[in-house]
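Please look through this report with the model open beside it. Turn the model as you read, and find each part when it is named.

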Amino acid sequence: MAPVKFDDLNKVAKSVLSDDYINMGSPFQFKAKQKVCCGTVTTTVDLNQDGKNATSGVVSWKLSNPMGINGLAVDKFEYNKNGGMKLEGTLNKSIHKVDGLSVEFKTDLQDPLGKLKKGITYTGLADTQVKFETAVLKPDAFTAEVTRVQGPATIGAKVAGSNVDVGLRMSVSGLFTSLLVTKAFSTFEGAVHYKVNKTLEVAALATKDNKGVSASGGIKFVLNDALTLKAKATDKGVAHVLATYKPAKGFTVHSGASFGKDVSYGVQLNI
């Protein structure tokens, strides 16, 4: 099994502290996902934005084998509320015939060639993943990374121009830890996650950079198949709570609140 990509080295801990939390800037949000013949269409609508009756939305398509082209997948075809567009896709072995190789492309469609990026992901080496991405018109503006599983640990390095980031994650007996050193070795991020039992998880994250030290911690509690509760707090005195309720298959309600200098709240409906 290939290791995770570099940006996911801390994902186990960050999922407790980030996943599903409501965007308080759009307190009421409706998200609908429909399955179509070869993928899914997701429509996201923000309601009562900035105190107005705004219903601007984002439409995103995800399609496999569009137009019957075997080996081509559209991972994202998005039109957002600001009129912007995105296209991201992959070409797999069915087209290029190379084991363990995935070819990716992405552009904003407004300047399709100028913003076009291409990349590859190679997992043909045991326990190793190699990724490379560059802009078509600026090949020197590249990003390259390598991650490798070594026993209970995953180690990785990422290069973007002259900047080099390194990272490590390790999981032993339910305890997960990660360390990322980024931004020319000026930022250090450590994370820890522990699964107490099948219903309770705890996580904490601390970051040291040129602005000082910041930290946050949180818990996830699965009450039953329908209800999950999450809470987190930061060293700046801001707390967030979240309840995820699944009354029926295919219907999810995320509701949350943030407490600090001000109190804000949000609700997201997913079908």
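Two strands count as paired if DSSP finds at least two bridges between them.

## Paired strands

This is a predicted model. Start with strand 6, residues 101–107, and strand 7, residues 117–122. Six bridges join these two strands, and they run antiparallel. One facing pair is easy to look for: glutamate 104 stands opposite glycine 119 in strand 7.

Strand 7 also pairs with strand 8, residues 128–135. The sense is antiparallel here too, and the pairing has six bridges. Here tyrosine 122 stands opposite valine 130 in strand 8. Strands 7 and 8 form a hairpin, with five residues between them. Aspartate 127 sits in the turn, and its phi is positive, about 60°.

## The largest pocket

Now look for empty space. Rolling a probe the size of a water molecule over the atoms shows where such space is left. The largest pocket holds about 350 Å³. Its lining consists of 16 residues. Which of them lie nearest the pocket's centre? They are Lys5, Glu104, Lys106, Lys131 and Glu133.

Four elements each give two or more residues to this lining: strand 5 (85–91), strand 6, strand 8 and strand 9 (142–150). Glu104 has now appeared twice. This residue faces glycine 119 across the strand pair, and it is among the residues nearest the centre of the pocket.

## Helix 1 and the nonpolar core

The largest nonpolar core has seven residues. They are Ala13, Val16, Leu17, Phe176, Ala191, Ala203 and Leu205. Helix 1 (11–18) and strand 14 (200–209) each supply at least two of them. Helix 1 gives the most, with three residues.

In helix 1, Ala13, Val16 and Leu17 are buried. Where do the buried residues of helix 1 fall, seen down its axis? They lie within an arc of 95°, so they line one face of the helix. These buried residues pack against strand 12 (175–182), strand 13 (187–195), strand 14, strand 15 (212–222) and strand 16 (227–234).

Take leucine 17 as a close-up. Leaving aside residues up to four places away in sequence, leucine 17 touches Ala203, Ala204, Leu205, Ser216, Gly217, Gly218 and Lys232. After helix 1 comes aspartate 20, with a positive phi near 75°.

## Two loop residues

Asparagine 65 is in the loop between strand 3 (57–64) and strand 4 (72–79). Its phi is near 55°, a positive value in a residue other than glycine. Is asparagine 65 buried, partly exposed or exposed? Its relative accessible area is 36%. Partly exposed covers the range between 20% and 50%, so asparagine 65 is partly exposed.

Alanine 184 is found in the loop between strand 12 and strand 13. Its phi is positive as well, near 60°, and alanine 184 is a residue other than glycine. The relative accessible area of alanine 184 is 54%. Exposed means over 50%, so alanine 184 is exposed.

## A buried glycine

Last, find glycine 266 in strand 19, residues 263–270. Why is glycine 266 called buried? Buried means under 20% relative accessible area. Glycine 266 has a value of 2%, so it is buried.

Now find serine 255. Glycine 266 and serine 255 are 11 residues apart in sequence. In space, the two are 5.8 Å apart, C-alpha to C-alpha.

Definitions and conventions: Residues are numbered from 1 along each chain as its sequence is written. This is a predicted model: local features need pLDDT of at least 70, side-chain atom pairs count only at pLDDT 80 or more; totals for chains, interfaces and linings use all residues. Side-chain values use heavy atoms; hydrogens and water are left out. A nonpolar core is a set of buried Ala, Val, Leu, Ile, Met, Phe, Trp, Tyr and Cys residues joined through side-chain atoms within 4.5 Å. Buried means under 20% relative accessible area, exposed over 50%, partly exposed in between (1.4 Å probe, protein chains only). Contact means heavy atoms within 4.5 Å. The arc is that of the directions from the helix axis to the C-beta atoms. On a 1 Å grid over the protein atoms alone, a cavity is a set of points where a 1.4 Å probe fits but cannot get out, and a pocket is an open set with protein on both sides within 12 Å along at least five of seven lines; lining residues have an atom within 4 Å of a point. Grid points are joined across faces, edges and corners, and a volume is the space filled by probe spheres set on the points.
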